[in-house]
Amino acid sequence: MSLKVPKANNIQLFKDGYKHLQGIEDAVLRNINAVTELSNLVRTSFGPNGRNKLIINHLGRLFVTSDAATIIREIEVVHPAAKLLVMASQAQESEMGDSTNMVIILAGELLKKSENLLVMGLHPSEVIKGYELACSKALVELENLSTSSLPSPFTQESLVTALKPAIASKQYGYEDTLSSLVAEAALAVMPKNPKNFNVDNVRVVKIMGGSLSGSKVVQGMVFGREPEGIIKKVSGAKVAVFTCALDIAQTETKGTVLLKSADEMLNFTRGEEQQLERIFKEIADSGIKVIIAGSSIGDLALHYLNRFNIAVLKVLSKFDLRRVARVANATPLARVGAPTPEEAGYVDIFETTEIGGDRVTVLRQLAPGEDGYQGDAEKTRTATIVLRGATANHLDDLERAIDDGVNVIKSLIKDARLVPGAGATELELAKRVEVYGSGMRGLAQHAVKRYATALEVIPRTLAENALGGAEGNEVLSRLWAKHEQKGGEAWGVDIEAEQDGTLLATDFKILDPLAAKQWAIKLATEAAVSVLSVDSIIMSKPAGGPKVPQQAGNWDED
């Protein structure tokens with residue numbers, strides 16, 4: 001007869017305040033619900049007809065945007081499983097700069113579809129296996145769906161065509177203007193070897209007032225402030241960039257000077273003045289006409305700069321200082337003194353102009369067609385898009401759309417292949433993965449089929465956001481019918497519903513970069529698999545002392 005050992009009821013494994021959730025109900029399904037909540041939040045912002053979200057972050061700053069990357073950055077997600085999704089979308093943002101929303105929507109849908117299988121009793125490992133097989137199949141099929149690629153070298157027209165869909169998903173209605181601005185700016189700074197294209201070389205300056213049609217591209221840099229001195233315009237100037245203050249050097253230790261007469265007093269101050277004059281005379285003699293200062297400028301220094309006819313501009317951001325040094329081909333100096341010929345830069349035009357009601361300073365190279373332009377002149381290193389708009393929030397959103405456009409160019413340089421947009425590629429992949437799942441054996445086939453239905457979420461969301469839920473279902477059925485026919489791979493959602501809500505994406509030039517889709521599918525599957533492979537959550541008690549008591553709202557009213 002075996003001896004029954006009594007079990008202790010309350011073995012305390014963790015400290016007080018720990019939370020421990022485990023099992024399918026408590027951990028997996030809860031995680032799936034949290035992730036679904038997050039994906040539903042950004043789902044309505046997907047596509048050209050996506051709704052804006054009004055977000056006030058912890059600092060009280062207001063954002064009105066439909067850009068998923070910004071929404072997720074500004075809302076502080078604390079649920080651990082939803083954080084995995086946030087990380088996947090941030091990886092997509094840093095890798096491609098576009099399709100962040102697709103990652104979250106697809107991962108959320110994959111988990112929603114898996115919930116049913118788990119409740120029916122399928123083991124999470126079977127679901128994971130099926131999802132991974134379906135993902136590799138989808139990526140293989142994606143390679144075959146490429147209809148065209150961007151011609152090399154890039155032209156204004158080809159870039160505008162490739163940029164339009166990406167920008168339309170953020171700023172529907174303004175895509176023509178914005179894509180031509182981005183294409184113009186990118187071509188202005190495109191190096192001989194496009195692989196060396198740097199996203200940082202396309203800058204944006206936002207100036208309130210006017211309308212978007214008043215925006216333009218400047219080949220050089222634009223600063224939203226005036227020069228400090230009286231010299232406002234210089235042509236063909238040598239440039240010196242200083243990171244230190246242009247002022248009399250302060251000693252580190254305090255000293256006492258004993259002055260016995262008025263002459264000594266005068267000589268004492270005159271010595272400083274003469275020293276400063278000597279320094280700026282050296283700078284002027286070396287041919288410098290423009291100084292960019294990274295710190296404060298003293299009154300006496302400004303007096304001598306004006307006397308020597310040297311223009312001086314204060315740039316307080318060290319990042320902007322580096323960019324200016326790159327534009328002018330100058331070396332930033334940490335000491336005040338005459339730069340050597342190698343350290344000095346050169347700029348064709350330094351001028352102050354008025355845009356709207358604001359005075360701005362422009363450092364630029366001569367453009368073709370201007371007086372004095374030489375065809376062999378070096379290409380400008382930086383182009384600035386000067387954006388005009390009515391409100392600060394609108395300008396911020398336009399800047400985000402431009403940022404996405406520039407990132408699309410960067411990804412197209414790596415891989416120039418394009419696939420049909422408007423949800424056509426996802427629906428075709430869903431069809432092919434479905435066929436693949438039907439020919440499989442074993443339990444993983446159920447997960448493969450669920451993966452195929454999850455891919456439908458992209459065209460469905462596009463249609464629902466544009467035409468409403470009921471019409472969205474109709475459009476999806478028509479798309480399935482068209483994709484079943486031979487050569488129907490490029491049929492996508494027509495968000496303007498001109499005919500029956502469907503269109504041939506290739507005819508309407510709605511094309512997306514293949515690489516962005518590839519990464520989105522890969523990252524969404526990885527995020528979904530990570531969440532599914534969790535079987536328990538152990539959360540410790542948050543660290544930190546007592547909370548600061550909040551003041552009552554009307555404490556100072558009599």
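1. In this predicted model, Ile-521 is in contact with Met-102, Leu-106, Cys-135, Leu-139, Leu-142, Leu-429 and Tyr-451, once its neighbours within four places in sequence are left aside. Ile-521 is also among the residues with the most contacts inside the largest nonpolar core, which has 68 residues; the others named there are Val-127, Tyr-131, Val-433, Tyr-451 and Leu-532. Tyr-451 thus appears both in the list of contacts of Ile-521 and among the best-connected members of that core.

2. A second core, separate from the one just described, is made up of 36 residues, including Leu-150, Val-160, Leu-398 and Ala-401. As general background, nonpolar side chains tend to be buried together in soluble globular proteins.

3. Turning to the sheets, three strands form an open sheet in the order β5-β14-β6, and their pairing is mixed. Because β5 (202-208) and β6 (216-218) stand at the edges with a single partner strand each, one side of each is left without a neighbour in the sheet. On average, and with direction ignored, neighbouring strands of this sheet are turned by 25° against each other.

4. Within the β5-β14-β6 sheet, strand β14 (residues 383-389) and β6 pair in the antiparallel sense over three bridges, and the bridge partner of Lys-216 is Val-386 in β14. Helix α11 (residues 392-414) packs on this sheet, where it touches β5 and β14, and the direction of α11 makes about 165° with that of β5.

5. Another open sheet of three strands has the order β4-β15-β18, and here the pairing is antiparallel. Its edge strands are β4 (148-149) and β18 (511-513), each of which pairs on one side only. Strand β15 (residues 417-420) pairs with β18 over three bridges in the antiparallel sense, and Pro-420 has Leu-511 of β18 as its bridge partner.

6. Helix α8 (residues 262-285) is worth checking for its length: at 1.5 Å a residue its 24 residues should span 34 Å, and because its end C-alpha atoms are 34 Å apart, the expected and computed values agree. The helix is followed by Gly-287, whose phi is positive, near 95°.

7. Which residues of α8 are buried? They are Leu-276, Ile-279, Phe-280 and Ile-283, and the buried residues of this helix pack against the strands β8 (234-242) and β9 (288-293) as well as against α9 (299-307).

Notes:
Residues numbered from 1 in each chain as written. Predicted model: local features only at pLDDT ≥ 70, side-chain atom pairs only at ≥ 80, totals over all residues. Heavy atoms only, no water. Helix = DSSP H or I, 4+ residues; strand = E, 2+ residues; numbered from the N terminus. Expected span 1.5 Å × (residues − 1). Buried < 20%, exposed > 50% of the residue type's maximum accessible area, 1.4 Å probe, protein only. Contact = heavy atoms within 4.5 Å. Core = buried A, V, L, I, M, F, W, Y, C linked by side-chain atoms within 4.5 Å. Pairing = 2+ DSSP bridges. Axes fitted to C-alpha atoms, helices over the stretch in contact; angles between N-to-C directions.
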